[in-house]
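The following account proceeds from the overall dimensions of each chain to individual helices and strands. The reader may wish to keep the structure in view throughout.

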Amino acid sequence: MQNLKELYQEVILDHNKNPRNFGKLEHANCEARGHNPLCGDMLRLFLKIDNEIIVDVSFEGKGCAISQASASLMTEVLKGLSISQAHDIFNKVHMLLTDDNFDMNSLPSLKLQVLSGVRAYPARVKCASLAWHTLVSALKNQQDVAKTE
Amino acid sequence: MAYLNSVVWKTYNKRGDTMFNVKQIRKDFPILHQDVNGYPLVYFDNAATTQKPHAVIDAITQFYEHYNSNVHRGIHDLSAKATLAYEESREKIARFIGAKNSRECIFVRGATEAINLVANSYLLPILQEGDEIVLTHMEHHANIVPWQMICEKTGAILKVAPVSLSGELMLDNLAELLSNKTKLLACCYASNVLGTINPVEKIVAMAHAVGAKVLIDGSQATPHVAVNVHKLDADFFVCSGHKMYGPTGIGVLWGKETLLDKMPPYQGGGEMITSVSFDFTEYAPLPLKFEAGTPNISGAIGLGAAVDYLQSLNLNAVLEYESSLLDYASKRLLELKSFNIIGTAAHKVPVISFVHGSIHAHDIGTILDNQGIAIRSGHHCAMPLMDFFNLSSTARISLSFYNTHEEIDYFINALDKVKEVFS
């Protein structure tokens, strides 16, 4: 049950219940859709990027608590970052979700560490990474749907 | 579970049990006796795959330890034994599904390959632009995509018969879709999501009335319903071994001999020929025409052992027992008042899909897994059906005769933990 408590920490449950930056972003100039074929969850990510800086971000979609909270947390940390900083966070989050020896202190925002609970649940890593894959897809300005597979 | 052909099942009752003894049955399945995440395993994912009895595991081990050899080739002793066992398994499965002749039973990798075989070898060569293939809204992707692929190639059209909110096929609407343009109707015997047992005999008759051929996907039926393909009168019937207590990688395509005979081979290679020269190849007669290459010999032998095992049980009692599990689990789940059951047809196999107003099926699955309970959560390879119910996923329990009422009680209590985590 300890692993379960680490997976469903208060922060996760809170972001799931009250997702931040939820809904369509009217002035978005960059958008991508994410899809987890394993469970059918869909996510839409909206970004407003000015001069290589993410000035605003939002998401909408349905999903499990982990995927919703991960997307919500992501929107919180992205605002104000440059595109290259966003790519850097994607790489760090990827390691956070999969590498037991990952150094939490290298995270730009320590609250992201709540996502590390998925490490004990390999089947749930894709839930946590969906939003982040969608971010990379949006930054590449791909029209394609990002997939976790 | 009203569709019980008790006459057929009773003839298979060799052990002669009058009572169903689940404690005894559970001893036959070694995997059930273990802890998962610190709790006794409760395996409720039988529609995905069933567990294997000792009899199946032992048959496969016996083959590899004592007579592993290629079939239909060598004149040596081991090859003769392997060939005999392989062909005996074909006889067993043929009797089990009520086929008139084992020549009509083709060993394939599973139901998916069987459907692809029929799509490509039977339908594609005769399918023309404007022809129609009729499916139902409750099909598994395996009974959608192969048909879609040949429609793309030919310009034929897919038509989809709707289901009701309770998860039953709407027969009046199906009747309207059928016409002389319909070349084939493909329909599941039982739904892997809803549990619905379709009135397949009626459906077959409806399709035949307009001259259409019928393929029945029996994947979810063979473990739970007395199947008789001869009585059913479908043209093709497919099933997977691993969903009926056999190994993975083996399944059966049954087809009417007259149709199979006319169909070109699905794949070319060894085993499926009578003679080969660079100018001309003569194909082997049924069933080998459709079994190119070295087949899954151990899988076929394992499936034969699974059929023997099922027939050693009092299958009438098995079905009654499974029906009582289904009723009990449905009742207990609804008593919780916070879950809705998707699929409430009158006749069901023991499959229950359910959803919670705000808790996602994946979270339910993880929290149950943490308590040793294996369920399925997701779209169950039936995304069009999920769309119909406006859901992205459901949680699903699917039961077997080795499950118990106590396990259902434990599962219901474990669902309380799910609500607690999200309270």
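**From chain dimensions to strand pairing**

In chain B, 72% of the contacts with a separation of 6 or more are between residues 24 or more positions apart. The model is a predicted one. The secondary structure of chain B consists of 15 helices and 17 strands, and 51% of its 423 residues count as buried. Along the principal axes, the C-alpha atoms of chain B fill a box of roughly 75 × 55 × 35 Å. A compact globule with 423 residues would have a radius of gyration near 22 Å, and the 22 Å of chain B agrees with that expectation.

Chain A can be described in the corresponding terms. Its five helices and four strands follow one another from the N terminus in the order α-α-β-β-β-α-α-α-β. The radius of gyration of chain A is 14 Å, close to the 15 Å given by the globule rule for 149 residues, so this chain is as compact as a globular protein of that length. The C-alpha trace of chain A spans about 45 × 30 × 30 Å along its principal axes. Of the 149 residues in chain A, 43% are buried. Among the contacts in chain A with a separation of 6 or more, 61% are between residues 24 or more positions apart.

Within chain A, helix α4 (residues 83-98) offers a first case for closer inspection. Its 16 residues, at 1.5 Å a residue, should span 22 Å, and the end C-alpha atoms lie 23 Å apart, which agrees. The buried residues of α4(A) are A:Ala86, A:Ile89, A:Val93, A:Leu96 and A:Leu97. Viewed down the axis of α4(A), these buried residues fall within an arc of 85 degrees, so they line one face of the helix. They pack against β3 (53-62), α3 (65-78) and α5 (125-139) of chain A. The exposed residues A:Ser84 and A:Asn91 are carried on the face of α4(A) turned away from its buried side.

A comparable analysis applies to helix α15 (residues 405-421) of chain B. For its 17 residues, a rise of 1.5 Å a residue should give a span of 24 Å, and the end C-alpha atoms are 25 Å apart, which agrees. Buried in α15(B) are B:Glu407, B:Ile408, B:Phe411, B:Ala414, B:Leu415, B:Val418 and B:Val421. These residues cover an arc of only 120 degrees around the axis, which puts them on the same side of α15(B). The elements of chain B against which they pack are β3 (42-43), α12 (315-335), α13 (361-369), β15 (373-374) and β17 (394-398). On the face turned away from the buried side, α15(B) carries the exposed residues B:Glu406, B:Asn413, B:Asp416 and B:Glu420.

Attention now turns to the strands of chain B. In strand β5 (residues 132-136), five of the five residues are buried, so the strand is largely enclosed by the rest of the structure. In a regular strand, side chains alternate between the two faces of the sheet. In β5(B), B:Glu132, B:Val134 and B:Thr136 point one way, B:Ile133 and B:Leu135 point the other way, and all are buried. β5(B) pairs with strand β6 (residues 157-161) in the parallel sense over five bridges, and B:Val134 stands opposite B:Lys159 in β6(B). From β5(B) the chain crosses through helix α6 (residues 145-154) to β6(B), and this β-α-β crossover is right-handed. β5(B) also pairs in the parallel sense with strand β7 (residues 182-188), over three bridges. The bridge partner of B:Val134 in β7(B) is B:Leu185.

β7(B) leads on to strand β8 (residues 213-217) of chain B. The two strands β7(B) and β8(B) pair in the parallel sense over five bridges, with B:Lys213 in β8(B) as the bridge partner of B:Leu184. Together with helix α8 (residues 200-209), β7(B) and β8(B) make a right-handed β-α-β unit. β8(B) is mostly covered, as five of its five residues are buried. From β8(B), B:Lys213, B:Leu215 and B:Asp217 point one way and B:Val214 and B:Ile216 the other way. Three bridges join β8(B) to strand β9 (residues 236-240), and these strands run parallel. In β9(B), B:Phe237 is the bridge partner of B:Ile216.

Key:
Residues numbered from 1 in each chain as written. Chains lettered and ligands numbered in written order. Predicted model: local features only at pLDDT ≥ 70, side-chain atom pairs only at ≥ 80, totals over all residues. Expected span 1.5 Å × (residues − 1). Buried ≥ 20, exposed ≤ 12 C-beta atoms within 10 Å, placed from the backbone. Arc of directions from axis to C-beta. Contact = placed C-beta atoms within 7 Å. Rg over C-alpha atoms; globule rule 2.2 N^0.38 Å. Pairing = 2+ DSSP bridges. Right-handed = clockwise from strand over helix to strand, strands pointing away.
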